[in-house]
Amino acid sequence: QVQLVESGGGLVQAGGSLRLSCVASGRTFSAFDMGWFRQAPGKEREFVAVVRWSGGRSVYADSVRGRFTISRDDVKNTVYLQMNNLEPEDTAVYSCAARHSIGFTLATSGSIYDYWGQGTQVTVSS
């Protein structure tokens, strides 16, 4: 079974940067979509970004496009989320998720992802 472990969260001032990591193990990931989601207190889970392991094609939420970058390292089986120019509105628990790639369209709905990490807290102060 796929296991995902996130790290890299913390407390940062507005305008600062953080890089989240998601280490995947248990099987190969060449045919997977790897997504980042976040959930703030009292709010629904929100899609952030997704990358297709094979080829590296990616999709971003409008709220983070231009500030966040998703990438993957094939050797380390790790997905990264580089977050720049952070805002207080970015405060949330960030989770990594995985699913088999199907068709051309990348998955942006959390309900169709099969595997999830435990999450890492990101707090952005004013």
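## A buried disulfide, a pocket and some residues to look at

Cysteine 22 and cysteine 96 are both buried. This is a predicted model, and it contains one disulfide, which links those two cysteines. Beyond that, here's a quick tour of the largest pocket, with a volume of about 150 Å³, two asparagines with positive phi, and a few residues picked out for their surroundings.

**The disulfide**

- Cysteine 22 is joined to cysteine 96, with an S to S distance of 2.2 Å.
- The torsion about that S-S bond comes out at about -80°, so the disulfide is left-handed.
- Cysteine 22 sits in strand S3 (residues 18-25) and cysteine 96 in strand S9 (residues 92-100), so the bridge ties together parts that are 74 residues apart in sequence.
- In general terms, a disulfide is a covalent bond between two cysteine sulfurs.

**The largest pocket**

- The largest pocket has a volume of about 150 Å³.
- From the earlier part of the chain, the lining includes Arg38, Gln39, Ala40, Lys43, Glu44 and Glu46.
- The lining also includes Pro88, Glu89, Thr91 and Ala92.
- Sorted by class, that lining has five charged, three nonpolar and two polar residues.

**Positive phi outside glycine**

- As background, most residues other than glycine have a negative phi.
- Asparagine 77 has a positive phi of about 50°, though it isn't a glycine.
- You'll find asparagine 77 in the loop between strand S7 (68-73) and strand S8 (78-83), where it is partly exposed, with a relative accessible area of 28%.
- Asparagine 85 is another non-glycine residue with positive phi, near 50°.
- Asparagine 85 belongs to the loop between S8 and S9 and is partly exposed, with a relative accessible area of 43%.

**Aspartate 33**

- Aspartate 33 is in strand S4 (residues 32-39).
- Its relative accessible area is 0%, so aspartate 33 counts as buried.
- The aspartate 33 side chain makes a polar contact with the side chain of serine 101, at 2.7 Å.
- Leaving out neighbours within four places in sequence, aspartate 33 is in contact with residues including Val50, Val51 and Arg52.
- Further along the chain, the contacts of aspartate 33 include Ala97, Ala98, Arg99, His100 and Ser101, as well as Leu106, Ala107 and Tyr113.

**Arginine 67**

- Arginine 67 is in the loop between strand S6 (58-60) and S7.
- Its relative accessibility is 11%, which is under the 20% cut-off, so arginine 67 counts as buried.
- Setting aside neighbours within four places in sequence, arginine 67 is in contact with Gln82, Met83, Asn84, Asn85, Leu86, Glu87 and Asp90.
- That list includes Asn85, which is one of the positive-phi residues above.

**Serine 126**

- Serine 126 lies in the segment after strand S11 (120-125).
- At 84% relative accessibility, which is over the 50% cut-off, serine 126 counts as exposed.
- Not counting residues up to four places away in sequence, serine 126 touches Ala14 and Pro88, and Pro88 is also part of the lining of the largest pocket.
- The C-alpha atoms of serine 126 and valine 12 are separated by 9.1 Å, with the two residues 114 residues apart along the chain.

Definitions and conventions. Residues are numbered from 1 along each chain as its sequence is written. This is a predicted model: local features need pLDDT of at least 70, side-chain atom pairs count only at pLDDT 80 or more; totals for chains, interfaces and linings use all residues. Side-chain values use heavy atoms; hydrogens and water are left out. A disulfide is a pair of cysteine sulfur atoms within 2.5 Å. Helices (H or I, at least four residues) and strands (E, at least two) are DSSP runs, numbered from the N terminus. Buried means under 20% relative accessible area, exposed over 50%, partly exposed in between (1.4 Å probe, protein chains only). On a 1 Å grid over the protein atoms alone, a cavity is a set of points where a 1.4 Å probe fits but cannot get out, and a pocket is an open set with protein on both sides within 12 Å along at least five of seven lines; lining residues have an atom within 4 Å of a point. Grid points are joined across faces, edges and corners, and a volume is the space filled by probe spheres set on the points. Ala, Val, Leu, Ile, Met, Phe, Trp, Tyr, Cys and Pro count as nonpolar, Asp, Glu, Lys and Arg as charged, and the others, Gly among them, as polar. A polar contact is a pair of N or O atoms within 3.5 Å; within protein, one must be able to donate a hydrogen and the other to accept it, and residues adjacent in sequence count only if both atoms are side-chain atoms. Contact means heavy atoms within 4.5 Å.
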